[in-house]
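Grab your molecular viewer and work through these exercises one at a time. Try each task on your own before you read the solution under it.

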Amino acid sequence: MNNTNNYDMNEYIGKVRELVLSMQKPLKAHIKSYGCQLNFCDGDKLKRLASEMGFELCEDELQSDLIVFNTCAVRENAEDRAFGNIGFAKHIKEKNPNTVIALCGCMAQQEHIAEKIKKSYPFVDIVFGTSAQSHFPELLYNKLVFGRNLCDITEYNDGINEEINPLRQGFPKASVPIMYGCNNFCTYCVVPYVRGRERSRNYENILSEVKQLIKDGYKEIMLLGQNVNSYDGDITFPELLRRINDIDGDFVVRFMSSHPKDASKDLIDTVIDCEKMAKQIHLPVQSGSNAVLERMNRRYTVEKYLEIIDYARSRVPDFSFSSDILLGFPDESREDFEATLALMERVKYDNLYTFIYSKRERTKAALMPDCVTEKEKSERMGELLALQRKITTESYKRFMGKTLRVLADSESKTAENWLLGKSYEGIIVEFPGDKSLLGQFVNVKINNTKNWAVEGVVVE
Ligand code: 5AD
Ligand code: SF4
């Protein structure tokens, strides 16, 4: 690691490890992540660091000697949840004053949050931003040895740490970050401020990581980045997909998120032509109104967006798309909202992730006037969800009688001896099956549809 002034992460890992292992009883660490899959990847890296520093990982924060809150800043409710949990940690610390409490991730990267923590949550021992992740061992060492409360929200802008291998939790599914940061500055979004500018991993590192994961038995590779289409690690993103597709083994590849402004025909062709690629693209549109898209600084129009959809569907008529919709952007009119409904009717998304706009400090949208009331926003959300239910109920009927290839990944929580999995189209599939099928690909013949999943039976 060569980021700041010859800082040597491994040296500090070793120093903390020595201390931790010299204790009379094993020390435990609880690491809780919030937010998106990229942040959960960071959480898995923190788990690796904690375990190399000699801690046993622990699900129960009440039993833990080190508690790390790896936070998200994308919406206010994520921050509220984190503050709620930090408040609870105060009681843990009252019972066991030696517990070390750390706050990190996107929320911690913001100066006003670091200030608030210092002032109102003085029992938090360590604060570090997304950029200072590799400094966690150093901060912890200084806390344990000198009792210093420390905050490091420096923006190191020092490339990518390839040294920390995430301690993955979700076998047989593995997330692989391919790039970090974002250059787009959508006017509502805090991500460029808390995750810095785009940095792509070298493609050879990605390929060798994926090869190793496949050797280790992983069956689903999820490539992650704030905008995978601007991946630039010496080859283009579609080329990276083709090279991953060429790796031997039976596995499925997904990716997210893909910014519509640079989704190309090459991307669509690659997804359709490469047999290991999931037959689905998550293409967040945010709004169906050109006026709103412009104020969001999304840099595409509805017409341009539909060209991509239509191109995919000219090759595969019922190609599956999913999307994010951001409702209630400042001054979104009834007409703007209806344009979003019309777009949904036109595209017929198989899955939709919907969010009500949340004002974020430092963003341009935070300064925009807004005359839409909260009541109107939540009414619109109800209307939009009802429409999406109708769309999925209708469009899932296309799977009736078809056989889908599904990676069985969990047991049903509601029906005994039923399993859940995801099809190549990204659809949730429920089917009767024995636990021994978990982690395997199965062919499921669909005989029933719901508005959020389809059901079927395993066939040869
Ligand atoms: N408020 C609500 N939702 C947001 N998103 C990003 N920023 C905000 C915000 N300020 C949503 C967008 C994005 C998804 C990951 O989160 O829809 O695609
Ligand atoms: Fe945020 Fe836009 Fe970057 Fe996505 S592309 S992380 S919405 S700024």
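## Exercise 1: The barrel

Five bridges tie strand S16 (residues 418-423) to strand S17 (residues 428-432), and the two run antiparallel. Keep in mind throughout that this is a predicted model.

**Task.** Starting from that pair, work out which residue stands opposite Leu419 in S17, and in what order the strands of the barrel follow each other.

**Solution.**

Step 1. Find Leu419 and look across to S17: the residue opposite is Phe431.

Step 2. Check the hairpin of S16 and S17. Four residues sit between the strands, and Gly426 has a positive phi near 85 degrees.

Step 3. Move on from S17 to S19. These two pair in the parallel sense, over two bridges, and Val429 stands opposite Val454 in S19.

Step 4. Now take strand S18 (residues 441-449) with strand S19 (residues 454-459). Here the pairing is antiparallel, with six bridges; Lys445 has Val457 of S19 as its bridge partner.

Step 5. Put it together. The order is S15-S16-S17-S19-S18, five strands that close into a barrel with mixed pairing. Ignoring direction, neighbouring strands of this sheet are turned by 50 degrees against each other on average.

## Exercise 2: The open sheet and its helices

**Task.** Say which strands are the edge strands of the three-stranded open sheet, then find which strands helix H7 touches.

**Solution.**

Step 1. Write down the order: S7-S10-S11, with parallel pairing.

Step 2. Pick out the edges. Strand S7 (173-177) and strand S11 (252-256) each pair on one side only, which is what marks the edge strands here.

Step 3. Look along the sheet: the twist averages 25 degrees from one strand to the next.

Step 4. Zoom in on one pair. Strand S10 (residues 220-224) is joined to S11 by five bridges in the parallel sense, and Ile221 stands opposite Val253 in S11.

Step 5. Add the helices. Helix H7 (residues 203-215) packs on the sheet and touches S7 and S10; its direction makes about 170 degrees with that of S7. Helix H8 (residues 237-245) lies across S10 and S11, running at about 160 degrees to S11.

## Exercise 3: Two helix pairs

**Task.** For H3 with H4, and then for H8 with H9, decide whether the helices are roughly parallel or roughly antiparallel, and give the handedness of each crossing.

**Solution.**

Step 1. Start with helix H3 (residues 76-95) and helix H4 (residues 111-120). Their axes come within 13 Å and cross at roughly 20 degrees.

Step 2. Angles under 35 degrees count as roughly parallel, so H3 and H4 are roughly parallel to each other. Their crossing is right-handed.

Step 3. See who makes the contact: Glu79, Phe83 and Ile86 come from H3, and Ile113, Lys116 and Ile117 from H4. Sorted by class, that contact has four nonpolar, no polar and two charged residues.

Step 4. Turn to H8 and H9. They pack at an angle of about 15 degrees, and their axes are 9 Å apart. The same cut-off of 35 degrees applies, so H8 is roughly parallel to H9.

Step 5. The crossing of H8 and H9 is left-handed. H8 brings Phe237, Pro238, Leu241 and Arg242 to the contact, while H9 brings Asp266, Leu267 and Thr270. By class, the contact has four nonpolar, one polar and two charged residues.

## Exercise 4: Backbone oddities

**Task.** Find which residue follows Phe171 across a cis peptide bond, and which loop holds Gln286 with its positive phi.

**Solution.**

Step 1. Phe171 is joined to Pro172 by a cis peptide bond, with omega about 10 degrees. Pro172 is in the loop between strand S6 (150-152) and S7.

Step 2. Another cis bond runs from Met256 to Ser257, with omega near -5 degrees. Ser257 sits in the loop between S11 and helix H9 (265-273).

Step 3. Gln286 isn't a glycine, yet its phi is positive, near 70 degrees. Look for Gln286 in the loop between strand S12 (280-282) and helix H10 (290-295).

## Exercise 5: The domains

**Task.** Place the domain bounds, then count how many residues domain 1 and domain 2 each give to their contact.

**Solution.**

Step 1. Mark domain 1 (9-152), domain 2 (168-278) and domain 3 (400-459).

Step 2. The C-alpha centres of domain 1 and domain 2 are 28 Å apart. Their contact takes 14 residues from domain 1 and 16 residues from domain 2.

Notes
Residues are numbered from 1 along each chain as its sequence is written. Chains are lettered from A and ligands numbered from 1 in the order in which they are written. This is a predicted model: local features need pLDDT of at least 70, side-chain atom pairs count only at pLDDT 80 or more; totals for chains, interfaces and linings use all residues. Side-chain values use heavy atoms; hydrogens and water are left out. Axes are lines fitted to C-alpha atoms, for helices over the stretch in contact, and angles run from 0 to 180 degrees between N-to-C directions. Angles under 35 degrees count as roughly parallel, over 145 as roughly antiparallel, 65 to 115 as roughly perpendicular and the rest as oblique. A crossing is left-handed if the near helix is turned anticlockwise from the far one by less than a right angle, and right-handed if clockwise. Contact means heavy atoms within 4.5 Å. Ala, Val, Leu, Ile, Met, Phe, Trp, Tyr, Cys and Pro count as nonpolar, Asp, Glu, Lys and Arg as charged, and the others, Gly among them, as polar. Two strands pair if DSSP finds at least two bridges between them. Domain bounds come from an automatic or database domain assignment.
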